[in-house]
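Q: I'm new to this one, so please take me slowly through a single part of it. Pick one stretch of the chain and show me how its pieces fit together.

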Amino acid sequence: MIIMKKFKVGLQLYSIRDAMEKDMDDALGKVKAMGYDYVEFAGYFGKSAEEVKALLDKHGLECVSVHQAPSLFWEEGQPAIDFLKTIGAKYCAIPWYTVDEYKNNWDETMKKFTELGKTMKENGIQLMYHNHDFEFQKIDGETIIDRMYATIPNDLLKPQFDTCWIHYAGYNPSDYLRKYAGKIEIVHLKDFVCEKLGGGPVYGLIDESGAEQKPKSREENGFKFMPVGYGIQDWKSILAAAEDAGAEVVIVEQDQSLDRDPLEAAKMSRDYLKTLGL
């Protein structure tokens, strides 16, 4: 057995969204049986905060964090934050944001994120940002993701690095985690296969004449999500880097499962992590 830090291990419930929508009680029971003690929500399927908390308590699960579009908080204000407090979430990640807002409305976007981070902090919740691959595009020579974290104080916006998208964008996930050592508390574990990853970064490709090429689509690159441990990610290295960076929680996420039931894929990921001592 590999000896490493005993991270708290959670599942991003978006991974099993169909099962959650069909029967949240049953789905959460199966998640606990797999060996996950923590969950990260991405939608509540019409249930109240009290109903969600009751199901978590029933199955001995803890909601460590949620993914929530910031627009909900801008539109609903305190009631939306109180929902998170009721279900016990200590972290809230912005799961996605349009790249056009970064390119065309940078200052306003950073201001809105900063203000939301302050409001969350006042309510005992840490705001995070969950990256995809497009945040590694550059503005004035600096990646969007680096520029964001250089702009907003770490206590108001922490990285929730998605290790799949870092790798797919052409960067080493372990290097990136260590780059932000001391600033990370939760890391997303996501595996994949990609036939043409070796061709170079997804963004900023150039041909032999130096002209920029249009990035290929994920489909053209042979991209497919996989259970953790069944793709091309070097998990021993990534987990060691997560430990060095100071992370306390690792969260499994598989956006799509084409080869098997998502619940089976989630169990495969958890079983693999157990072989590493987690």
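**A close look at E2, E3 and H3**

A: Let's start on strand E2: Tyr38 and Glu40 point one way from it, Val39 and Phe41 point the other way, and all of them are buried (under 20% relative accessible area with a 1.4 Å probe, protein chains only; exposed is over 50%, partly exposed in between). Keep in mind that this is a predicted model, where local features need pLDDT of at least 70, side-chain atom pairs need 80 or more, and totals for chains, interfaces and linings use all residues. Residues are numbered from 1 along each chain as its sequence is written, and side-chain values use heavy atoms, without hydrogens or water.

E2 covers residues 38–41; strands (E, at least two residues) and helices (H or I, at least four) are DSSP runs, numbered from the N terminus. E2 has a neighbour on each side that I'll take in turn. One is strand E1, residues 8–12, which runs parallel to E2 and is joined to it by three bridges; two strands pair if DSSP finds at least two. Gly10 of E1 has Tyr38 as its bridge partner in E2.

The other neighbour is E3, which pairs with E2 in the parallel sense too, over four bridges. Here Tyr38 turns up again, with Glu62 as its partner in E3, while Glu40 stands opposite Ser65.

Now look at E3 itself, residues 62–67: five of its six residues are buried, so the strand is largely enclosed by the rest of the structure. Besides E2, E3 pairs with strand E4 (residues 91–94), in the parallel sense and over three bridges. In that pairing, Val66 stands opposite Cys92 of E4.

How does the chain get from E2 to E3? The link is helix H3, residues 49–59, and E2, H3 and E3 make a right-handed β-α-β unit (with the strands pointing away from you, the path from the first strand over the helix to the second runs clockwise).

H3 has two sides worth comparing. Its buried residues are Ala49, Val52, Leu55, Leu56 and His59. Looking down the helix axis, these fall within an arc of 130° (from the directions axis to C-beta), so they line one face of H3. On the other side, Glu50 and Lys58 are exposed.

What covers that buried set? Among the elements doing so are helix H2 (24–34), E2, E3 and helix H5 (78–87), going by contacts, meaning heavy atoms within 4.5 Å. After H3 comes Gly60, whose phi is positive, near 70°.
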